[in-house]
Amino acid sequence: MSVQEQLATEVAVAEAILQINNVTRTYFMGDQEVNALRGVSLNIYKGEYVAIMGPSGSGKSTLMNTIGCLDVPTSGSYHLEGVAVNEMSEDQLAEIRNEKIGFVFQTFNLVPRVSVFQNVELPLIYKGVAKRKRKEIVEKAIASVGLEDRAGHKSNELSGGQRQRVAIARALVCEPSIILADEPTGNLDSKTGEEIMGLMNRLHEKGHTIILVTHEDEIAEHANRVIRLRDGLIESDTLTAG
Amino acid sequence: MKLYLDISESFKIALSAIVANKSRGALTALGIIIGIVAVITTMTAANGLKNTFRQTFASVGSDVIYVSKRPWVQMGPGFRFRNRNDISLAASDALQQKLLGRGIVNPSIGGNKNVKYQSKILENINVSGTTEKQIIVSDMVPSTGRFLMPFDIEYKKSVAVIGSEIADGLYGKSDPIGKHIKIGRNKFLVIGVMEKQGTSFFGGPNFDRQIYIPITTFGKTLGHNGGRANVNIAIKAPSQESMADFEFEVIGEMRKIRGLKPAEDDDFSINKLDTLLDAYNNMMGAVVLVGLIITSISLFVGGVGVMNIMFVSVTERTKEIGIRKAIGAKRRSILLQFLFESSTICLFGGVVGLIFAALLTKVINDMLMPASLSPAIVVSALLISVFVGVVSGFVPAYRGAKLDPIEALRYE
């Protein structure tokens, strides 16, 4: 029984948040045609904790960019909460990223020069949330990652682990459908990395859908479903104990 | 709500970016400051010139029409006007009859003479033979004594009303009224001194060096025959509003008086303040335009400086643009952010430039001419600087706004 069928029977009531159907992505590097994805089909359901793995050049980054609505497929369809993303304009994609995707990057990607509070507030500003409401949400998000006493600090005054916590708080404020973490521990020492993974696990326990992109088995072990990519195709898709 | 948020937040982001790079922002603004100072000072100086011109010719009166042999502002060869018949005093009287009850007609003849009191001589003084109506059409009154009266004209009295500079020059501190003055070879009695008009500019008439005597006496004593002398006729219109109609009427009556056939051109000229102002505007308009073009070049150079810095700013923040886009910034938000940055720099330059321009204008005002910074100039300076900011920021901002988020995120 395939994973899809298994999941469909196990969690019959669960809705597929994300449906990717035969997606390809081709781009050109100079004259050379690169087939980064060569027909990937994938469903991810609400509350899942998925790790996407694969060596470099496997199409893992392209798949992540596609799932994160930073990129659109060359062919095939991608539905996020039932909405066809592959037909959207750039600004519509920005709106989807804002409201449905929470990014956590390897290099944290906080906006320099501004405070922790302002960094976490940013997605809400782009969403158009009123100031008073924003303050309430941001304070709660910062508290949930344990940085209440750092809210006024600039991002360059924080340690790597703290920066990643800020990034996670920022990913949470718009209550996204998916938290998309790209090598979230890649720039951290193993102890801090474990702390961050602990935080991710807690988010999963609270019911968040999490997609991890990683090449480290240790990190992937936290997930309860592992998808391996090779040469632009899904090599394996297995459920683990998590 | 969303657009308001977009605008106010973009503005805050822009401000913090400028604050983070204070000296760069200030240096960039310097180009705009210099440009605005140059453009605004040109504008205020032009206004100052215009004010001076108006003041100088205020005595011409905006509701007065002058009928003369020659036009004040002469275009083309002069012989056409030289060969015209002189305008006679009789023509002036006839015109007064026709316009009776509507316009006030004042004939005058002018000539330059040397004037003398005891041993003091003033050379080349403009002597004007006129009537009691002079003070109505030219809006000037004596400060002491009296002006000419109808009986002075009627009885061809040898009386004179002198300008303040002549009073000072010939009589010093003593009161000239009741004393004699020698105009050419004839003795006149000083009956009044005109109030001081102030110095003139632009080669306009200096009314403080002017003597008024009865027009009837002028012909008799200064060598002209009153009937043949070339008279200038000043006609004060009944009201400012009816000027245009009144001018047609004056032309019509003058044509009848001069006996012109319908096909013939006017053989006299109509002059008025507008004629002078038009001539001034024609001449100064071109000068001011050239000045503005030259000074605008400095503003343009300032704008290029802003554009340059905005390109640097966008490139420097490629990664930041990528982050903002990843978490939901639309192209519009990025565009606004950078447009606000460039226009804030320029607006700052505009405000500082205005302050310097105001100081310069004050200096010009104190030393040269009545220049001032009008609200219209202030508003246009601010609008121009914001406009320069938007124009020079647009291309860099647009480049930033259309960056691909994936590539921007990868940028180090």
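The following paragraphs describe strand pairing in chains A and B of a predicted model.

Strands of a sheet are held to one another by backbone hydrogen bonds, in either a parallel or an antiparallel arrangement. Chain A offers an open sheet of six strands, whose order is 6-7-8-3-9-10 and whose pairing is mixed. At the edges of this sheet stand strand 6 (101-104) and strand 10 (233-239) of chain A; each has a single partner strand, so one side of each is left without a neighbour in the sheet. On average, neighbouring strands of the sheet are turned by 20 degrees against each other, direction ignored.

Within this order, strand 7 (residues 178-182) and strand 8 (residues 209-213) of chain A are joined by five bridges in the parallel sense. A:Ala181 has A:Leu212, in strand 8 of chain A, as its bridge partner. Helix 7 (residues 190-205) of chain A lies across strand 3 (49-53), strand 7 and strand 8 of that chain, and its direction makes an angle of about 150 degrees with strand 8 of chain A.

In chain B, strand 2 (residues 104-117) and strand 3 (residues 120-130) run antiparallel and are joined by eight bridges. These two strands of chain B form a hairpin with two residues between them. B:Gln118, in the turn, has a positive phi of about 50 degrees, while B:Tyr117 has B:Lys120 of strand 3 as its bridge partner.

Strand 3 of chain B also pairs with strand 8 (residues 210-214) of chain B, here in the parallel sense and over five bridges. In this pairing, B:Gly129 is matched with B:Ile213 of strand 8 as its bridge partner. Strand 3 of chain B thus takes part in an antiparallel pairing with strand 2 and a parallel pairing with strand 8.

How values were computed:
Residues are numbered from 1 along each chain as its sequence is written. Chains are lettered from A and ligands numbered from 1 in the order in which they are written. This is a predicted model: local features need pLDDT of at least 70, side-chain atom pairs count only at pLDDT 80 or more; totals for chains, interfaces and linings use all residues. Two strands pair if DSSP finds at least two bridges between them. Helices (H or I, at least four residues) and strands (E, at least two) are DSSP runs, numbered from the N terminus. Axes are lines fitted to C-alpha atoms, for helices over the stretch in contact, and angles run from 0 to 180 degrees between N-to-C directions. Two residues are in contact if their C-beta atoms, placed from the backbone, lie within 7 Å.
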